[in-house]
Every structure is written in structure tokens, then in C-alpha cells.
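Reader: I am new to reading structures. Please take one part of this one and walk me through it closely. Short sentences would help.

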Amino acid sequence: MNTLIAVIVIFGILVFVHEWGHLVVAKRAGILCREFAIGFGPKIFSFKRNETVYTIRLLPLGGFVRMAGEDPEMIQIKPGYEVGLLFNQLGKVSRIIINNKSKHPDCKVIQVEKIDLEHDLFVQGYVEDKEELVTYEIDDKAEYVHDEQPTQIAPYDRQFSAKTVGQRAAAIFAGPLMNFVLAVFVLILYAAFAGMPVDEPVVGEVTEDGVAIQAGLESGDRIVSIDGESVASWEEMTNIIVQHPNESLDFIIERQGEQFDVTMTAQERLGADDEQIGVIGITAPREHNIGQAVLFGFTETYEYTVLIFEALGMLVTGQFSLDHLAGPVGIYNYTGEVASMGLLVLFQWAAILSVNLGIINLLPLPALDGGRLLFIGLEAVRGKPIDPQKEGLVHFVGFALLMLLMLVVTWNDINKFFM
């Protein structure tokens, strides 16, 4: 249950921040954002605020911001259609009733002759039981109502495709960018709460399963020398200890101005490169410095970014197998393991996932933000946009291939889980 809660909270925040980046920049550019959704599939919860419907959907596999003009409008009003019109105080059409006109007895029914919901914003037609041709101006925030569900019209200047190349690129790039911003923020919080390691040969904490606690070491003790060799930093001290697994070492310890001797045999542990190293069971001292915490947030995010790009490079060159990729099941399992290590470690894991989400979305692959940016870049070079139908087909095929990759990776995760 703890794993499930951790996964829901972490991924909910990552997706929310990503999509919120798209939403804010798109709205700043004047784009009508019809829906801000977390998840896919049927709606579980929704409410509307400032032109946008905010929804939570059943399948927690991502999210989206539905911008006007990205997809064809669902309702097409053609000549010969009979629609009902409702007017605002300025005499402009505020609602166009597509069907169920009987539920709106105050509406004026006309047979449409001409209608423009994008540029000139008017509707022209014949009033019921009359041969008179009338023309009405449509409000730029009017709604059409189909099956009692209102949808705001999207004049051309409110559509995604009407904006400049720079505005569209910014709206798309803002999502991944916010994932990097989130990672920096989370890592700053981590460093602020956990403190930053201090490079001094001083005992921060003594672990319960190490030889240091058996030898009587306490937090705040300073290690003066090891086997007669003076140490002035934490790095110098650890370099000596790790090189002597299962060996007896003589320490001179200073506590409250007094020195005493301690002999400890370094325990043998498996290091990062699978070699045996020595440990005595102490952690580095830490200090709480907001300036260092901010620096840590930026530098660590950079380090994560470099590591992920290196892994992607190894995947492309064949040095990294698809079997090593983790899908939803694998990430769920890893999140459970991390959650058992404590909240601060979970903070670091969330930052890694946020950077990973930002980078993956920036890859120039169809259906991802990077793929959409690629098409916008091609438009900037060509001086005219790519055919929307061709671009849509490319994104559809790309999405299908990504789903196929997701199935393969998930199958590998399941196999690992039951092996």
C-alpha cells in the first residue's frame, strides 16, 4: 500500500507539473485550452474554470492539455442545418443549440445558410416559418451545445496553429522544462532537510550494524589519524578505510579536546564497481546551508541529465540492452524499494524520474513533445507548415510504436518480477 501511495503521489505530481507547464505558457500565448487532464480514458472527476475543464481520468498513464486547433472540431455546422440561437445582452449569439432544441424554448431556430466560427464570427440563415434571410453576430466566447454539453468555440486567433512558431514551440517546450525545474526544486528541498556533506574527518552518525559503534565512537568525534597517517578531510579518511577491507586499523580519535586510541577491523562490503571495500559504519557530517542546497539542486540535476543521456547513447549504440529498460511495473517495484529507505531517498528518486520524464519527452520522436518541436522546427526552416494530416499520421504511427515498446518493456518487467 505504501508503494502504491508513493507511486500515485510521485507520478501525479510529475504529470501535473509537466502539463501545467504546457497550460500556463499556452494560455499566456492566447491559446484556448479546452481541457487539462491527468490520466487517460473515462473521466472520474472534472470541473471548469476560466474556459478550461480540469479532469482526472481513469488510466494513470500520463496526461494532456487539449488546445484548440490541434485537432479538428468535433461538431461541423453545415448549410441546411437547423440550430437554435441564444443571445447575450449585447445582442450577439452566446449559444448555438445543435440538438434537443425543445429543451431551450427561448432559442431562436434558424436554418443555416452560412456560418463562420473562426474568422468573421457570424451565422446567416432563414428564421423558422419565414423566408427572410437574417444575419447574427457571434460572440467570440460563444458556445455550441450538443447533447446538452457546451463547448466554447475557437476563433482562429485562439487556435494553436494561429500562433507564431516561437509561441507554439514555447508552449510545447514548457512541459519538459517544468520537469527539470521540479527536479531542481525537489533536490533543493532534499538538501535543505538532509543537510550537505562536510569534507571533514568527523563522525556524522554511527550506524547500528558497523564496527564503529562497537568501538564506542560517537557523533562529533574527529578522526586525527589512521595507522599513523594524518587525515585532514573526509575523502582522505575514507580512501584509507576502503582500501583495507578485513584489516585491523589503528585510529586516533579526538573528543572534546582529548585524544584516545581505537583499533577497528574494517568490514568488507561490495563497492559500486563490484570490488570489495572496507567500511567501519559511520556517515559524513552534514551542515544546513541554503546556498549550498540551491547549488546542490542545480548541479545534481545536471549530473542526472548527463547520466541519462549517456544511458540513451549506450542504448542507441547497442551497449545497452532493451532488457535493462524499466516500464511501469519496473518503476513501481523500484519505487517500493526506495520508499522503504525513507522519505529523503524518495525525494531523490522523484527528482531522477522528473529529469527522466523531461528528457524522454524532448526526444525527437513522433507523439512526444520533441517530435512536435521537430515539426515546428521544420516549419520554421521551410517557411510553411507541414500538412496537418501527414503530421497527424506520423504522430499516430509513432504513438502506436511507443505503445508497442511499452508492452515489450512491461513484459520484461513482469518476467524479472516472477524470476
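**A close look, from one strand pair to the helices**

Author: Start with one residue pair: Leu85 stands opposite Ile96, which is in β4. This is a predicted model.

Leu85 belongs to this strand pair: β3 covers residues 82-87, and β4 covers residues 93-97. The two strands pair in the antiparallel sense, over four bridges. Five residues lie between the strands of this hairpin. One of them to look for is Gly91, with a positive phi near 80°.

Now stay on Ile96. Ile96 also stands opposite Tyr144 in β7. Strand β7 covers residues 133-146. Four bridges join β4 to β7, and these two strands run parallel. So much for β4; next come the helices.

Packed helices are described by two values: the angle between their axes and the distance between the axes. Take helix α2, residues 165-194, and helix α7, residues 343-362. Their axes are 8 Å apart, and the packing angle is about 165°. Why call the pair roughly antiparallel? The angle of about 165° makes α2 roughly antiparallel to α7, because angles over 145 degrees count that way. The crossing of α2 and α7 is left-handed. On the α2 side, the contact includes Phe173, Phe180, Ala183, Leu187 and Tyr190. On the α7 side, the residues include Leu344, Phe347, Ala351, Ser354 and Leu357. The residues of this contact divide into 18 nonpolar, five polar and no charged.

Helix α2 has another partner to follow. Helix α5 covers residues 290-316. The axes of α2 and α5 come within 8 Å and cross at roughly 130°. That makes α2 oblique to α5. Their crossing is right-handed. Look again at Phe180, Ala183, Leu187 and Tyr190: these α2 residues are among those that meet α5. Their α5 counterparts include Ala293, Phe296, Glu300 and Tyr304. The contact of α2 with α5 holds 13 nonpolar residues, three polar and one charged.

Go back to α7. Helix α1, residues 2-28, packs against α7 at an angle of about 40°. The axes of α1 and α7 are 11 Å apart. That makes α1 oblique to α7. Helix α1 passes α7 in a right-handed crossing. Five residues to find in α1 are Ala6, Ile10, Phe11, Leu14 and His18. In α7 they meet residues including Trp349, Leu353, Ser354 and Leu357. The tally for α1 with α7 is nine nonpolar, three polar and no charged. Ser354 and Leu357 of α7 are also in the contact with α2.

Next, a charged pair. Side chains of opposite charge can pair when their charged atoms come close. Arg158 and Glu51 meet in a salt bridge, at 2.9 Å from N to O. The pair links distant parts of the chain, 107 residues apart. Arg158 is in the loop between β8 and α2, while Glu51 is in the loop between β1 and β2. The whole structure has twelve salt bridges.

Finish with a sheet. Four strands form an open sheet in the order β12-β11-β13-β14, with antiparallel pairing. The edge strands are β12 and β14, and each pairs on one side only. Inside the sheet, β11 (222-226) and β13 (248-255) pair over four bridges. Arg222 has Glu254 in β13 as its bridge partner. Helix α4, residues 234-242, lies across β11, β12 and β13. The helix runs at about 50° to β11.

Conventions: Residues numbered from 1 in each chain as written. Predicted model: local features only at pLDDT ≥ 70, side-chain atom pairs only at ≥ 80, totals over all residues. Heavy atoms only, no water. Pairing = 2+ DSSP bridges. Axes fitted to C-alpha atoms, helices over the stretch in contact; angles between N-to-C directions. Parallel < 35°, antiparallel > 145°, perpendicular 65-115°, else oblique. Left-handed = near helix turned anticlockwise from the far one by under 90°. Contact = heavy atoms within 4.5 Å. Nonpolar A, V, L, I, M, F, W, Y, C, P; charged D, E, K, R; others polar. Salt bridge = Lys/Arg side-chain N within 4 Å of Asp/Glu carboxyl O.
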